[in-house]
Amino acid sequence: MDTQWKFSREYNPTTRTIKITEDIFIGGDTNNTLMIAGPCSIESEKQIELVAKMLVKNNIKVLRAGAFKPRTSPYSFFGLGVEGLKLLRKIGDKYNLKIITEVRDSTQVEDVIAYADIIQIGAKAMWDYGILEAVSKTDKPVMIKRAFGARVQEVAQIAEFIINGGNENVLICERGIRTFETGTRFTLDLCGVAWLKEHTNIPIILDPSHAMGYSYGVADLTRACTAMGVDGLIIETHPLPEVAKSDASQQLNFEQFENMYNSLYPITKAINRNLV
Ligand code: PEP
Ligand code: MN
């Protein structure tokens, strides 16, 4: 690969180090695997507070929830918008949790940058150059979700726009690609993850929830991803998944989430990593 690419191992062989909290870093020589968890969407203060309490109980430091949801039907729930961002900030501050939330298009990017600790670029927004330009100008970490029709090289090149624009703190998230298979929502591309690990110095986050689309597969996939020695995992969990306003079928209830989470410790121990 051409050495001009700052994402490449030829340019810098060491995985870039990303600061998550005052004392938690991922990438570099940390051997850390970060757990990020929370509902697909923030729906109410009560809902997000229940999730925050569960995370604190399990010593998890990063809360996910979308306030701007990309949907495939105009009749679906599009999220609480800026109100949702404010609630996320309030709960993050109250429970000492870092907030990752998605930006759907460049019209909300400044608000998301202002309220979030980590900015998530939704898979359907990967090519929004307005977003890429805006997030290049902050130093907050940015997690780019690979579009379901993008090659691994393409998502790495999108990351390069942000790095080249001035923000070195990028993460790539594999969340499933579209294949001929219709039994599951998408196909989690673990070969692509191996490619990204081999060729890029960008920390990799795995999202089995969106790839699978059904809660029954999420725990097994999370264990498989953990065994690959990735830098982080992002899992959807909801107090009552059956009434969730988005992605109801794939969200874990708290019991399912905690059972899955506890099963990861022996895996990270076996491969000399720390679950943080
Ligand atoms: C999400 O994280 O809830 C989401 C909408 O994911 P994606 O952008 O990968 O579809
Ligand atoms: Mn979702």
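Which residues surround ligand 1? In this predicted model, ligand 1 is surrounded by C40, R64, K69, E102, Q120, G122, A123, K124, K145, R175, H210 and E236. Sorted by class, this shell comprises 7 charged, 3 polar and 2 nonpolar residues. The space that ligand 1 takes up is the largest pocket.

Several side chains place polar atoms opposite oxygen atoms of ligand 1. For R175, a polar side-chain atom is found 2.6 Å from an oxygen atom of ligand 1. In the case of R64, an N or O atom of the side chain lies 2.8 Å from a ligand 1 oxygen. H210 likewise has a polar side-chain atom, at 3.0 Å from an oxygen atom of ligand 1. Of the 300 Å² that ligand 1 exposes when taken alone, the protein buries 98%.

The manganese ion (ligand 2) has as its protein donors C40 through SG, H210 through NE2, E236 through OE and D247 through OD, at 2.0 to 2.4 Å. Along the sequence, these donor residues follow the spacing C-x169-H-x25-E-x10-D. Distant parts of the chain are linked by the pair C40 and E236, which stand 196 residues apart. C40 belongs to the loop between β3 (32-38) and α1 (45-57), whereas E236 belongs to strand β10 (residues 232-236).

The two sites have residues in common: C40, H210 and E236 are among those surrounding ligand 1, and C40, H210 and E236 are also among the protein donors of the manganese ion. The side chain of H210 thus supplies NE2 to the manganese ion and has a polar atom 3.0 Å from an oxygen atom of ligand 1.

Technical notes
Residues numbered from 1 in each chain as written. Chains lettered and ligands numbered in written order. Predicted model: local features only at pLDDT ≥ 70, side-chain atom pairs only at ≥ 80, totals over all residues. Heavy atoms only, no water. Near = heavy atom within 4 Å. Polar contact = N/O pair within 3.5 Å; in protein donor to acceptor, adjacent residues only side chain to side chain. Areas by Shrake-Rupley, 256 points an atom, 1.4 Å probe, with all protein chains shown as cover. 1 Å grid on protein atoms, 1.4 Å probe; cavity = no way out; pocket = protein on both sides within 12 Å on 5 of 7 lines; lining within 4 Å. Sits in = over half its atoms within 2 Å of the grid points. Nonpolar A, V, L, I, M, F, W, Y, C, P; charged D, E, K, R; others polar. Donors = N, O, S within 2.8 Å, 3.2 Å for Na, K, Ca; no water. Helix = DSSP H or I, 4+ residues; strand = E, 2+ residues; numbered from the N terminus.
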